[in-house]
Amino acid sequence: MSNPKNDLFIRACKRLPVKRTPIWIMRQAGRYLPEYRAVREKYDFLTMCKTPELAAKVTIQPVDILGVDAAILFSDILVIPEAMGMHLELIESKGPVFHQPIRSEDDAKKLKRIDPDKELKFVLDAVELTKKELNGRVPLIGFSGSPWTLLTYMVEGKGSKNFSNVKRMIYNDPALAHSILNKLSDVIADYLSAKICAGADAVQIFDTWGGILSQSDFQEFSLNYITKVISQVKRKDEPIVVFCKGVHFGLVQLTNSGADVIGLDWTMNLEEVRSKIGDRVALQGNLDPTVLYAPVEKIKEETVNVLRSFGKGSGHIFNLGHGILPDIEPEKVKALVRFVKEKSAVFHPNVPETQKV
Ligand code: 1CP
């Protein structure tokens, strides 16, 4: 049986007409799925990232189980610092940890300038295998952390509340921060280019921690480097999505970064953002991930609210405002995907029937 190619996600990224709004979910390959946990019980997290067959398997699970309109390659933003020489450990109760964080110039000197085609070949192999196994069903998204978000983990050594160490670095030794950010930008641009070359149909840059910075620090330490990465990514017309959390103040500047799509967290209003930045970029988001704790009727109501807040026309990709939480019931997520499919067509009137899928 031949598979129809579902290109709704790519079309929406480019603001081309679509029959309905596409949906995928950040962290859709993860612990809330019993099928993921069954694989994870047998292998540790890094082994899963480094074994293309396992990465492909869990990448495709949400496509089969939920019916989302895009797959995102199972991996982690922290594979870059690991490849640059930092020892990464995933501690069950704590999350990812670097036991020797980067705090000084001497530490920074130890970071290797890597070639993703060599040190991160396992990711590129996973892209190729996943593309083959998806067989054109839905597009595949590749991703990276932004330079700033990677720097926070490399300096803090783990998830953080106040980000004291990385803030200490930018205020006491900004030159050191800039030199690492520059190095990271080059690696990230090469990495995203290599993923596109291996078959990724779009890429997303996660700036999860851009919002902990003041407006001017965001420009200096995050946005400038996101813009640099985007300008260096080698692509034909593969869309670039930038997801920022808590960056209310930087949305207009973000539209000048060269990104095709801006991903928004749930505290922002799509209608307001759209009216502020016009239709220069597509928007992705932004249902509060905790709405999935609610009964399905409430989920339906909130789903329609998000669709309505974007309004009519293409250029909206439905997503959560941040990653799905590990204790969400899969049935609720299936209902969400179904609601978006059922309820979004009215926001795309006058789209010719010939439009695919
Ligand atoms: O099974 C497990 O115990 C591992 C949990 C897990 C998973 C499933 C981690 C550790 N990473 C991932 C996969 C992952 N990470 C994906 C997979 C693709 C998908 O389905 O979306 C993606 C895109 C990421 C990206 C990622 N890793 C981000 C950016 C997105 C975000 O959520 O903000 C960040 C900040 C990380 C770091 C990380 N890796 C893992 C954890 C628990 C964390 C967060 C650590 C913290 O800040 O406390």
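**Notes on a buried strand, two pockets and two cysteines**

1. Let's start with strand β9, residues 316-320: 5 of its 5 residues are buried, so the strand is largely enclosed by the rest of the structure. Please keep in mind that this is a predicted model.

2. Which residues cover the two faces of β9? On one side sit His 316, Phe 318 and Leu 320, and on the other Ile 317 and Asn 319; all of them are buried. If you are looking at the strand on screen, these names should help you tell one face from the other.

3. Next, the neighbour of this strand. Strand β8, residues 282-287, pairs with β9 in the parallel sense, over 5 bridges. To find your place in the pairing, look for Leu 283, which stands opposite His 316 in β9. That same His 316 belongs to the face of β9 that also holds Phe 318 and Leu 320.

4. The connection between the two strands is worth tracing too. Helix α15, residues 296-310, joins with β8 and β9 to make a β-α-β unit, and this unit is right-handed.

5. Now to the open space. The largest pocket holds about 1200 Å³. It is lined by 35 residues, and those closest to the pocket's centre are Arg 27, Phe 45, Asp 76, Pro 96 and Ile 324. Three elements, α2 (34-40), β2 (88-91) and β3 (95-98), give two or more residues each to this lining.

6. What is the chemical make-up of that lining, by class? The largest pocket is lined by 21 nonpolar, 8 polar and 6 charged residues.

7. The second largest pocket has a volume of about 210 Å³. Its lining is made by Met 84, Gly 85, Met 86, His 87, Phe 98, His 99, Gln 100, Pro 101, Ile 102, Asp 107, Lys 110 and Leu 111. Sorted by class, these come to 6 nonpolar, 4 polar and 2 charged residues.

8. Finally, a word on the cysteines. The structure holds 0 disulfides. Cys 13 is in no disulfide, and the nearest cysteine sulfur to its own is that of Cys 244. Why is Cys 244 not bonded to Cys 13? The sulfur of Cys 244 is 16 Å from that of Cys 13, its closest cysteine sulfur, and this is too far for a bond; a disulfide needs the two sulfur atoms within 2.5 Å.

9. Are these two cysteines buried or exposed? Cys 13 is buried, with a relative accessible area of 2%. Cys 244 is buried as well, and its relative accessible area is also 2%; the cut-off for buried is under 20%.

Note on methods
Residues are numbered from 1 along each chain as its sequence is written. This is a predicted model: local features need pLDDT of at least 70, side-chain atom pairs count only at pLDDT 80 or more; totals for chains, interfaces and linings use all residues. Side-chain values use heavy atoms; hydrogens and water are left out. Buried means under 20% relative accessible area, exposed over 50%, partly exposed in between (1.4 Å probe, protein chains only). Helices (H or I, at least four residues) and strands (E, at least two) are DSSP runs, numbered from the N terminus. Two strands pair if DSSP finds at least two bridges between them. A crossover is right-handed if, with the strands pointing away from the viewer, the path from the first strand over the helix to the second runs clockwise. On a 1 Å grid over the protein atoms alone, a cavity is a set of points where a 1.4 Å probe fits but cannot get out, and a pocket is an open set with protein on both sides within 12 Å along at least five of seven lines; lining residues have an atom within 4 Å of a point. Grid points are joined across faces, edges and corners, and a volume is the space filled by probe spheres set on the points. Ala, Val, Leu, Ile, Met, Phe, Trp, Tyr, Cys and Pro count as nonpolar, Asp, Glu, Lys and Arg as charged, and the others, Gly among them, as polar.
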